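Open the model in your viewer and keep the sequence panel beside it. This tour tells you what to select at each stop and what is there.

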Amino acid sequence: MPFTRLATATTPTCHIGLGLAAIGRPGYINLGRDEDLGEDRSVQTLHTRTHELLDAAYAQGVRYFDAARSYGRSEEFLADWLKKRTDIDDVVVGSKWGYTYTADWTTDADKHEVKDHSLVAYERQLAESEALLGDRLDLYQIHSVTPESPALTDKELHARLAEAARGGLTVGFSTSGPAQADAIRAALAVEVDGEPLFRTVQSTYNALETSAGPALAEAHDAGLTVIVKEGMANGRLAAGNAPGALRTVAEETGLGPDAVALAVVLRQPWAGVVLSGAATTAHLASNLHAPAVDLTEAHMSHLATLAESPQSYWARRGELPWH
């Protein structure tokens, strides 16, 4: 698996990845994004910002970069950076298929992305991803699997994914929604020729949404690399919106609420890579303090009081506006 490259990394930040959801397109649901990005969200401006973030992340030890077909031009921006940085050969590049970006570089589209987990969508989007990233694409994930997703039962799709895996591409899946745990366990049961199909899982887990934890532990025990997304709960755990318990622990540890929020995830023994979704280099630098946060058992108990029911959490997330 490509993530074995991280096993020899010496910096603590190798376990933090950079997700490009917030900077590969002009509109996204993260709170505070208007202030982070400002009014100029042209293709060139976000291209430049993405490269600045990738440079800063790599310089500080980050070695996993995460994109998706639906993240606007994220794959294109990442591919351009990789071509520019020919000296870099030790990163892991992941992307996702299953959603098509439909906002046409606007922030007020009726639909920003359309979901399709069919074999036809996979073949089309894999060709698009490979045209941009070529052999730098290490990991290809089904985007936002839910228990009812046809991707969990489509045997022809499974066969094609297994074929890609035999060719050297690592196959994984991501999850979303209040039934993440069910989706994870269903995916763990998918086999082709008696062998597990998926080698990675990417799920939402943070101080507010902890319901996938036991299933992610099972995935880790089964040998999958666990990638955690939305550790900042789309900005709900950032400084300007941090709940009282998080602010209290941040004051006691001397680091920012964002670093504490990510440290909670890093503390989980099954967490392989935790994504930062930073849109500015300043926020990225603050996020990368997470490995230095010294959380006591008392801190963890205090932060555990923040957990919401998955139904409440995902209902709130669904109400976040696209900025």
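Start with helix H3, residues 74-84. The buried residues of H3 are covered by elements that include helix H2 (43-59), strand E2 (64-66), strand E3 (92-97), helix H4 (119-133) and E6. Those buried residues are Ser74, Glu75, Phe77, Leu78, Ala79, Trp81 and Leu82. Keep in mind as you go that this is a predicted model.

**Stop 1: rings and the core**

Stay on Trp81 and add Tyr58 and Phe65. Ring pairs link Tyr58, Phe65 and Trp81 into a cluster. Across the whole structure, a search finds 10 aromatic pairs.

Now keep Phe65 and add Leu78 and Phe198. The largest nonpolar core has 90 residues, and Phe65, Leu78 and Phe198 touch the most other members. Which helix gives this core its largest share? Helix H9, residues 257-266, does, with seven residues. Apart from this core lies another, of eight residues, among them Phe3, Leu6, Tyr64 and Leu275. In soluble globular proteins, nonpolar side chains tend to be buried together.

Zoom in on phenylalanine 198. Leaving aside neighbours within four places in sequence, phenylalanine 198 is in contact with Ile142, Leu161, Val171, Gly172, Phe173, Ala187, Val190 and Leu224.

**Stop 2: strand E7**

Three of those contacts, Val171, Gly172 and Phe173, lead to the next selection. Select strand E7, residues 170-175. Is E7 mostly covered or mostly uncovered? Mostly covered: six of its six residues are buried. In a regular strand the side chains alternate between the two faces of the sheet. On one side of E7 are Thr170, Gly172 and Ser174, on the other Val171, Phe173 and Thr175, and all are buried.

Next, show strand E6, residues 139-145. E6 pairs with E7 in the parallel sense over five bridges. Glutamine 141 stands opposite glycine 172 in E7. Add helix H5, residues 155-166. E6, H5 and E7 make a right-handed β-α-β unit.

**Stop 3: strand E10**

Add strand E10, residues 200-204. E7 and E10 pair in the parallel sense over three bridges. Here phenylalanine 173 stands opposite valine 201 in E10. E10 is mostly covered as well, with five of its five residues buried. Thr200, Gln202 and Thr204 point one way from E10, while Val201 and Ser203 point the other way.

Bring in E11 (225-229). E10 and E11 pair in the parallel sense over five bridges. In E11, isoleucine 227 is the bridge partner of glutamine 202. The chain crosses from E10 through H7 to E11, and this β-α-β crossover is right-handed.

Pick glutamine 202 and show its surroundings. Why does glutamine 202 count as buried? Because its relative accessibility is 1%, and buried means under 20%. The side chain of glutamine 202 makes a polar contact with the side chain of aspartate 66, at 3.1 Å. Beyond residues up to four places away in sequence, glutamine 202 touches residues including Tyr64, Lys96, Gln141, Lys229 and Leu275.

**Stop 4: the loop after E11**

Follow the chain from E11 into the loop that leads to helix H8 (244-253), where alanine 233 is found. Alanine 233 has a positive phi of about 55°, although it is not a glycine. Asparagine 234 is in this loop between E11 and H8 too. Its phi is near 55°, again a positive value in a residue other than glycine. Alanine 233 counts as buried at 1% relative accessibility. Asparagine 234 counts as buried at 4%.

**Stop 5: helix H9 and a ring pair**

Select H9. Nine of its 10 residues are buried, so H9 is largely enclosed by the rest of the structure. Among the buried residues are Pro257, Asp258, Leu262 and Val265. Their cover includes E11, H8, strand E12 (273-276), helix H10 (281-287) and helix H11 (297-304).

Finish with tyrosine 205 and tryptophan 270. Are these two residues buried or exposed? Tyrosine 205 is buried, and so is tryptophan 270. Their ring centres are 5.0 Å apart and their planes are at 85°, so the pair is edge-to-face. The pair links distant parts of the chain, 65 residues apart. Tyrosine 205 is in the loop between E10 and helix H7 (213-221), and tryptophan 270 is in the loop between H9 and E12.

Notes
Residues are numbered from 1 along each chain as its sequence is written. This is a predicted model: local features need pLDDT of at least 70, side-chain atom pairs count only at pLDDT 80 or more; totals for chains, interfaces and linings use all residues. Side-chain values use heavy atoms; hydrogens and water are left out. Buried means under 20% relative accessible area, exposed over 50%, partly exposed in between (1.4 Å probe, protein chains only). Helices (H or I, at least four residues) and strands (E, at least two) are DSSP runs, numbered from the N terminus. Two strands pair if DSSP finds at least two bridges between them. A crossover is right-handed if, with the strands pointing away from the viewer, the path from the first strand over the helix to the second runs clockwise. A nonpolar core is a set of buried Ala, Val, Leu, Ile, Met, Phe, Trp, Tyr and Cys residues joined through side-chain atoms within 4.5 Å. Contact means heavy atoms within 4.5 Å. A polar contact is a pair of N or O atoms within 3.5 Å; within protein, one must be able to donate a hydrogen and the other to accept it, and residues adjacent in sequence count only if both atoms are side-chain atoms. Rings of Phe, Tyr and Trp (its six-membered ring) pair if their centres lie within 6.5 Å; planes under 30 degrees apart count as stacked, over 60 as edge-to-face and the rest as tilted.
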